[in-house]
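Welcome! Below is a set of short exercises, each followed by a worked solution, so keep the structure in view and try each task before reading on.

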Amino acid sequence: MSNASATAAPAPVDLPVAIGKVPHRWLILAILCLTQLVVVLDNTVLTVAVPVLTVELDAGTADVQWMINAYALVLSGLLLSAGSAVDRYGRRRMLLVGLVLFGVGSLAAGLARTSEQLIAARAGMGVGGALLVTATLALAMQVFDSAERSRAIGIWAATSALGFAAGPPIGGIVLAHLPWGAIFLMNIPIVLVCLLAGRALIPESRNPASGRLDLIGVALSTVGLTAIVWAIISGPELGWASTKVLGAGAAGVLLLGLFVRWEQRVAHPMLDMHFFRNRRFVGAVCGVVLITFGATGALFLLTQHLQFVRGYPAWEAGLRMVPFALSIVVLNVAGVATLAIRRLGLPAAIATGMTLLAGGLALVTHVPSEGYGTLLAGLLIMGTGCALANPAIVEAVMSAIPTDKAGAGAGVDGTMTEVGSSLGIAVLGAVLNARFAALLPAALAGAGSFPAALAAAGPDREAVTAAFADALRTGQTVGAVAVLVGGLVAAALLHRADRISARS
């Protein structure tokens, strides 16, 4: 097959084996990154719209939480199934299907007039988002050969960091000039551009030995993962010992156990359990959970610090976080991170990156400063660390499996990222809340949140603010330690796997 024919969307092939350099591959990566960016943005862009939604849709606290969480919950529950689908039915095809679903969901969300309509639309966007997260990474693995793949993965991973930081300021800017529905309607032109460009430029590929669809595996994994993620998200609010949280968590673990047993017996599993006999794959997957646990939880607490202690509105707090994301993007686009990862090796790159991230967070937390200088320095150090660690851990996962099962690998990577992120926010948020409750004046014991305690504080407002700032320092310190330990453990697991593989 010639390079020219690849641009015309030929019959499905395993691209890295069948051809050399894919034409327009960097333009294809730009399409994939733009797609990934809009998916990640919708995880955080809605946070600044909570006050408006509460008034205009007459939404209660539970409604608002579901508006925000419905998207992440559906997306995380479907990632394994989506990864299997993109390998089975075609990565380009599933990318286009995901764009259509995401676009339709965005239109429905932008036109929603009730809380129920918005929640349903957000769930629909999550279905499309699951296909897009897995398809974009799987396609990046296909269109780049081994010489360029590391840099491509680095740019893809950097896009996610940019989306995380850019969500609140973009949402704030939109709300300052347009109705809240524009937050979702702005996705539509981006979806249309990616649809047209993706259809014209991206060649198709799929796993030729995928077999029949594993419907039972899809059902078990989707329901099991959704139950576990729901329990993690709901734990801080309902209480970790509540019947609902424990029941959902136990049911999720049971269903995933049944999923593993089923996948070991079925002829064409949606997730090949032989992957987990590969020590490198296991080490990389554990690393994804450990790293995202500490990093996402710590960054979540940092945004709380900017909003509640320094007093910035959500969009401005997000804007001040942008240097963190931009440093990741610049170091990866310029190829600096890729060069460093190659020279250090994946284990050392992960250890170095997470040490820098932990150090930057410790600097922001413990060096007193009223201005922006210390925060900026800390964010740049943290960004440099993420620029090394994020692509290294993604590459470790994806390089441990065959390229014809890239979708499945992307599904595992995405799932573990969502689980680690949810755990990080929940656990470090619980540390913050416990410390805050312990430091509150006795008259305010039982206040459910910092805003609630502040509203009831009266003359004790300074004491409440000081208690919350101290609690944040505790939580951020625990987060920095978690980042450091997680990075070192992940690096050690990968190093050990590499040594064992080298002996055999």
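**Exercise 1. Decide whether S242 is buried or exposed, then find its place and its polar partner.**

Solution. Step one: S242 has a relative accessibility of 17%, and because buried means under 20%, S242 counts as buried. Keep in mind that this is a predicted model. Step two: S242 sits in the loop between α11 (215-238) and α12. Step three: look from its side chain to the backbone of V245, where a polar side-chain atom of S242 lies 3.3 Å from the backbone nitrogen.

**Exercise 2. Describe helix α12: how many residues does it have, what is its reach, and which residues in it are buried?**

Solution. Step one: α12 has 23 residues. Step two: from its first C-alpha to its last, α12 reaches 33 Å, close to the 33 Å expected at 1.5 Å a residue. Step three: the buried residues in α12 are V245, A248, G249, G252, F259 and E263. A general rule helps in reading such a list: an α-helix has 3.6 residues a turn, so residues three or four places apart point the same way.

**Exercise 3. Explore the second largest pocket: how much space lies in it, and what lines it?**

Solution. Step one: the space in the second largest pocket is about 380 Å³. Step two: its lining has 21 residues, and those nearest the centre are H268, P269, L271, D272 and K405. Step three: the elements that give two or more residues to this lining are α5 (61-89) and α12 (243-265). The largest share, three residues, comes from α5. Step four: sorted by class, the lining has nine nonpolar, six polar and six charged residues.

**Exercise 4. Take L271 from that pocket and work out where it lies, whether it is buried or exposed, and what it touches.**

Solution. Step one: L271 belongs to the loop between α12 and α13. Step two: its relative accessible area is 4%, so L271 is buried. Step three: setting aside residues up to four places away in sequence, L271 touches L80, F259, E263, F276 and V412. Two of these partners, F259 and E263, are among the buried residues of α12. Step four: for a contrast, go to A438, which is 167 residues from L271 in sequence and 45 Å from it in space, C-alpha to C-alpha.

**Exercise 5. Follow helix α13 from its start to what comes after it.**

Solution. Step one: at the start of α13, a side-chain oxygen of N278 comes to within 2.8 Å of the backbone nitrogen of R280. Step two: the helix covers residues 279-309, which makes 31 residues, and reaches 44 Å from first C-alpha to last, close to the expected 45 Å. Step three: after α13 comes G311, with a positive phi near 80°.

**Exercise 6. Examine H24: what is its phi, where does it lie, and how accessible is it?**

Solution. Step one: as background, most residues other than glycine have a negative phi. Step two: H24 has a positive phi, near 60°, although it is not a glycine. Step three: H24 lies in the loop between α2 (15-18) and α3. Step four: with a relative accessible area of 45%, H24 is partly exposed.

**Exercise 7. Work out the surroundings of D42 and E418, two residues in helices.**

Solution. Step one: D42 lies in helix α3 (residues 25-44), and its relative accessible area of 1% makes it buried. Step two: beyond its neighbours within four places in sequence, D42 is in contact with Y71, F102, R122, M125, F184 and N187. Step three: E418 lies in helix α18 (residues 406-439), and E418 is buried at 17%. Step four: with neighbours within four places left aside, the contacts of E418 are N43, A72, L75, S76 and L79.

**Exercise 8. Find M354, say whether it is buried or exposed, and list its contacts.**

Solution. Step one: M354 is part of helix α16 (residues 346-366). Step two: M354 has a relative accessible area of 1%, so it is buried. Step three: apart from neighbours within four places in sequence, M354 is in contact with I291, A295, A389, V483, L484 and G487.

Conventions:
Residues numbered from 1 in each chain as written. Predicted model: local features only at pLDDT ≥ 70, side-chain atom pairs only at ≥ 80, totals over all residues. Heavy atoms only, no water. Helix = DSSP H or I, 4+ residues; strand = E, 2+ residues; numbered from the N terminus. Buried < 20%, exposed > 50% of the residue type's maximum accessible area, 1.4 Å probe, protein only. Contact = heavy atoms within 4.5 Å. 1 Å grid on protein atoms, 1.4 Å probe; cavity = no way out; pocket = protein on both sides within 12 Å on 5 of 7 lines; lining within 4 Å. Points joined across faces, edges and corners; volume = space filled by probe spheres on them. Nonpolar A, V, L, I, M, F, W, Y, C, P; charged D, E, K, R; others polar. Polar contact = N/O pair within 3.5 Å; in protein donor to acceptor, adjacent residues only side chain to side chain. Expected span 1.5 Å × (residues − 1).
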